[in-house]
Amino acid sequence: MDTVKLANALIPDGDLLPLEEYEKLYPPRNLPEGAQVTRLAPSPTGFIHLGNLYSALADERAAHVSGGVFYLRIEDTDEKRKVEGAVESVIRSLDYFGIRFDEGAEISSPLNVYGPYYQRRRAPIYRAFAKDLIARGYAYPCFCTEEQLDEIRKRQTEEKQTTGYYGKYAVCRNLTEEQIYRNLAEGKPFVIRLKSPGSGAEKFIFRDEIKGEVSVTENDQDVVILKSDGIPTYHFAHVIDDHFMRTTLVIRGEEWLSSLPVHLQLFRILGFKPPKYAHTCSLMKTENGGKRKLSKRKDPELSLDYYRKAGYFPLAVVKYLMTLLNSDFEEWENKNPQEDYTRFKFRINKMGKSGALFDLEKLNDISRTEISRLSAEECCDFLGKWVEEFGTQADRAHFSDREYITQILNLVMGTSGKKRRKDIVRAEQGVRLIDYFFDDTFKPEYCFRFGKEEVLAVLSAVSADYDPADDNTVWFCKLKNAAAAAGFASDTAAYKADPSAYKGSVTDAAEILRIAVTGMPNSPDLCTIMHILGKQRSLARIKAAMLAAEEAN
RNA sequence: GGCCCUGUGGUCAAGAGGUUAAGACGGAGCCCUCUCAAGGCUCAAUCCCGGGUUCAAUUCCCGGCAGGGUCACCA
């Protein structure tokens, strides 16, 4: 068979460059020894979830820790998956978490010489190499219809054979020249398949950067390399692109491990040097007792927007992911709390081999620690930004008074103490946490554990001699007096010694006051809260609580 | 089902042929304390099973089992 003639018939494109031209167009990168070139290659659905961030972070770290390049390539070979504005959305989502590309789609950079970065725009390159493959007898047209392929698969399943297009099942592999040209003349649609030279019985060992030695079976599947619309499949595009974009390290999910044989074979046939591969384990979640890979479809709550809306501290999400990426990150972080996380020596081969369950508790812990390290002003900015985007009208009004918020945050964060409080886990929760400092969002629950008489006695005694100028000690002294006046023990020890002699202890009196002022039985330092609220408002709240207590009876 | 990957506390996990098998989150308790936190201290909790190699195996090998992935003109 004249394969050169066939190649011209199948791919008659006039605009294809000689293959060597592509090598010249995309020369090897001039980078220092050991520098890794990595990429994020999403399909343009625009939906990015935690698993993508995880992988993007690994790519970004691997590149930048080695002085290399991290670029963005859009795998838009599947028309059906395309969503408008997706690329911008990906870039914006990652940027929120501090992950930035050096080059690629929609990235303005002088480095953008390995483009185009949209696969659809690279059609001529793929077609040039597919044509060459046909000419060299490594590829052929396949006219099988979807129904025929289903039929083959059905038969294979019945015969308990491996499914796929290979060996004797690859009917179009042995089409005669005459048959091919007749089909072409009839205008039958066709795909280009690889004529796999592999045996399917041969196995060899491949060294994966994460998994270590993996056993791979030589590919014998005649996979599709060019779809009927002339656009390549992932397999072909991956090999061509990562070669010409000079990727040195391909980090991708372990679901790709099973198609590694195809890729390796393609690299060999095309005469390209394959990159290093790192197949990452996927993030898992529990579902009715079992583990399951995080999925875009089923887990919208794991979309990155979810974390933005919930107001997680972006750096905390990144640090959490870092602990999953390299488990010794946490130890390093504890030793170097002041250091930027990018100073950590990230190592691709220290990544875990098994899928990790996503742990929200751990994220919460990291997020609250991260927030607790902020100054009140910084925290105010962080919460304020969240409020602008996701807050209510009331929230926005509250946050217009920065000074007041900062005062509150100093208390809630415990900035004056030696150890910070860690009450704020994320912005949404943090904003709600301080609602009681504002009259319009103050929704008290008067859950007094004492009768009207005691409540009134304590509250009236407190309001009688409250002075905002009192410091904490004086304030507490007065509270003790008020407690005593109401028949409560003024110190806990006395109460414990003889509970029957008192109606309660200072602790109980404090609780009554706390409920009156904050509307809750628990809060940070009450003295400071009253100070922040001011005398007028504090007394007004106490009065309101007294009224409520009276009505309750 | 074939092929591939992975099995250390509830979770994330370090680890080496001989260890009291780290650490973190979570849990329990104590201390501190006007409550709640935070913090300090303490505790409970792990090597999937069966063979082999070895003086010695959680670690190496082989089987089993379990979990996961993959078998498209999707990536």
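**A tour: sheet, helix pairs, RNA surface**

Start with the three strands that make an open sheet in the order E1-E2-E3, paired in the parallel sense. Strands here are DSSP runs of E, at least two residues, and helices are runs of H or I, at least four, both numbered from the N terminus; two strands pair if DSSP finds at least two bridges between them. Select 37–40 and 103–104 for the edge strands, E1 and E3, each of which pairs on one side only.

Before going on, some housekeeping. This is a predicted model, where local features need pLDDT of at least 70 and side-chain atom pairs count only at pLDDT 80 or more, while totals for chains, interfaces and linings use all residues. Residues are numbered from 1 along each chain as its sequence is written, and chains are lettered from A and ligands numbered from 1 in the order in which they are written.

Now add residues 69–72, strand E2, which pairs with E1 in the parallel sense over four bridges. Click Val37 and you'll find its bridge partner in E2, Val69.

Next, show 50–65. That's helix H3, lying across E1 and E2 and running at about 160° to E1. Axes are lines fitted to C-alpha atoms (for helices, over the stretch in contact), and angles run from 0 to 180 degrees between N-to-C directions. Contact means C-beta atoms, placed from the backbone, within 7 Å.

Jump to 314–325 and 360–372: helices H11 and H13 pack at about 130°, axes 8 Å apart. That makes H11 oblique to H13 (under 35 degrees is roughly parallel, over 145 roughly antiparallel, 65 to 115 roughly perpendicular, the rest oblique). Show Leu315 and Tyr320 of H11 with Leu363 and Ile366 of H13, which are among the contact residues. The contact divides into six nonpolar, one polar and three charged residues. In this scheme Ala, Val, Leu, Ile, Met, Phe, Trp, Tyr, Cys and Pro are nonpolar, Asp, Glu, Lys and Arg charged, and the others, Gly among them, polar.

Move on to H18 (452–464) and H23 (535–552), whose axes come within 9 Å and cross at roughly 165°. So H18 is roughly antiparallel to H23. Among the residues that meet are Leu456 and Leu459 in H18, and Ile542 and Met546 in H23. By class, that contact has ten nonpolar, two polar and two charged residues.

Last stop: RNA strand B. It is surrounded by 68 residues, and the closest are Glu75, Gly352, Ser354, Ala356 and Asn522. The surface near strand B (C-beta, placed from the backbone, within 6 Å) has 17 nonpolar, 24 polar and 27 charged residues.

Conventions:
Two residues are in contact if their C-beta atoms, placed from the backbone, lie within 7 Å.
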